[in-house]
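Reader: Please go through the ligand site and the empty spaces of this model.

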Amino acid sequence: MNIQGKVAVVTGGASGLGAATASYFVAEGAQVVLVDMNAEQGQAMQAQLGSKARFAQLDVTNETQVEAFFQELAHIEGRIDILVNCAGIAPSAKVLGRDGLHSLDLFQKVLNINVTGSFNMLRFAAQSMAQNQLDGEERGLIINTASVAAYEGQIGQTAYAASKGAIVSMTLPLARELARDAIRVMTIAPGIMHTPMIAAMPEHVQQALGAMVPFPSRLARPEEFAKLAGHIVENSYLNGEVIRFDGAIRMAAK
Ligand SMILES: NC(=O)c1ccc[n+]([C@@H]2O[C@H](COP(=O)([O-])OP(=O)(O)OC[C@H]3O[C@@H](n4cnc5c(N)ncnc54)[C@H](O)[C@@H]3O)[C@@H](O)[C@H]2O)c1
């Protein structure tokens, strides 16, 4: 489908990959709803992007909030064509850490935001997309964000890797099920991206991380992720697949 004229919801839209994707979609002529818990940054992004963007403060794990959001969206926009799930957290903790045992709360929190949050958003999005008139061959598209940690989780990433592995594993069964409704499901598994998460690290650490990437030997730019998301929108034959987006990096154990 063309991005132009579509209605897209981007979670985590206040920061990093979500913000870059929202900016790209707006530049390509879409109407974008930025979903995030961070109201200050979300409103700043909305102001930056202008009338084609709207911010909705929402916790993606909250069933009531998300259901109400999609009902309101159907009322305001009439349809939703694209969902990009970028909201996520990436804390690091060892199972047998120096400060004690990995907390069960932290494990559940990571799974809850990264997996349940993405699923919660996509189920309501799919319900809405299934009502759309066909646009060419399709009715809608869902893009989830995994990580190379799904394949090469490092020490301290047990919870995060488990959450991203789940995102990878959901891709095919979702694409198979939603094929009947002409809705595609794709996943992007980024390597090391230059987002606020990484930009907060000291310069020498960022350079060391960049040097680990075979080629191009640098951190990936959020705009490059956004461009890939844009290509997935426009290429209707991409479905049920996970695309590694990582400059050929294969993460070491630590
Ligand atoms: N940055 C990287 O190197 C990298 C690498 C691989 C995968 N990823 C994945 O990409 C996604 C985006 O990462 P990023 O670097 O842009 O992170 P980021 O921290 O810059 O942005 C994440 C956004 O998600 C929002 N968020 C968190 N929990 C939420 C919730 N419950 N409801 C609504 N919003 C919530 C945050 O407020 C934040 O604005 C994440 O899923 C992350 O795991 C990032």
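Author: A polar contact here is a pair of N or O atoms within 3.5 Å; within protein, one must be able to donate a hydrogen and the other to accept it, and residues adjacent in sequence count only if both atoms are side-chain atoms. The model is predicted: local features need pLDDT of at least 70, side-chain atom pairs count only at pLDDT 80 or more, and totals for chains, interfaces and linings use all residues. Residues are numbered from 1 along each chain as its sequence is written, and side-chain values use heavy atoms, with hydrogens and water left out.

Reader: How far is an oxygen atom of the ligand from an N or O atom in the side chain of Y160?

Author: Other polar contacts of the ligand involve a polar backbone atom of L17, 2.8 Å from a ligand oxygen, and a polar side-chain atom of D36, 2.5 Å from a ligand oxygen. For the side chain of Y160, the distance from an N or O atom to a ligand oxygen is 2.6 Å.

Reader: How much of the accessible area of the ligand does the protein cover?

Author: Accessible areas come from the Shrake-Rupley method with a 1.4 Å probe. On its own the ligand has 830 Å², and the covered part is 91%.

Reader: How many residues surround the ligand?

Author: A residue counts if one of its heavy atoms lies within 4 Å of the ligand. S15, L17, D36, Y160 and T195 are the closest. By class the shell has 14 nonpolar, nine polar and three charged residues. The number of residues around the ligand is 26.

Reader: What is the volume of the largest pocket?

Author: On a 1 Å grid over the protein atoms alone, a pocket is an open set of points with protein on both sides within 12 Å along at least five of seven lines, whereas a cavity is a set where a 1.4 Å probe fits but cannot get out; lining residues have an atom within 4 Å of a point. The ligand takes up the space of the largest pocket. A volume is the space filled by probe spheres set on the points, which are joined across faces, edges and corners. For the largest pocket the volume is about 1,200 Å³.

Reader: Which residues line the largest cavity?

Author: The count of cavities of 30 Å³ or more is one, and the largest cavity has a volume of about 30 Å³. Its lining divides into five nonpolar, four polar and no charged residues. The lining residues are P91, S92, A93, H102, L106, V110, G156, T158 and A159.

Conventions
Sits in = over half its atoms within 2 Å of the grid points. Nonpolar A, V, L, I, M, F, W, Y, C, P; charged D, E, K, R; others polar.
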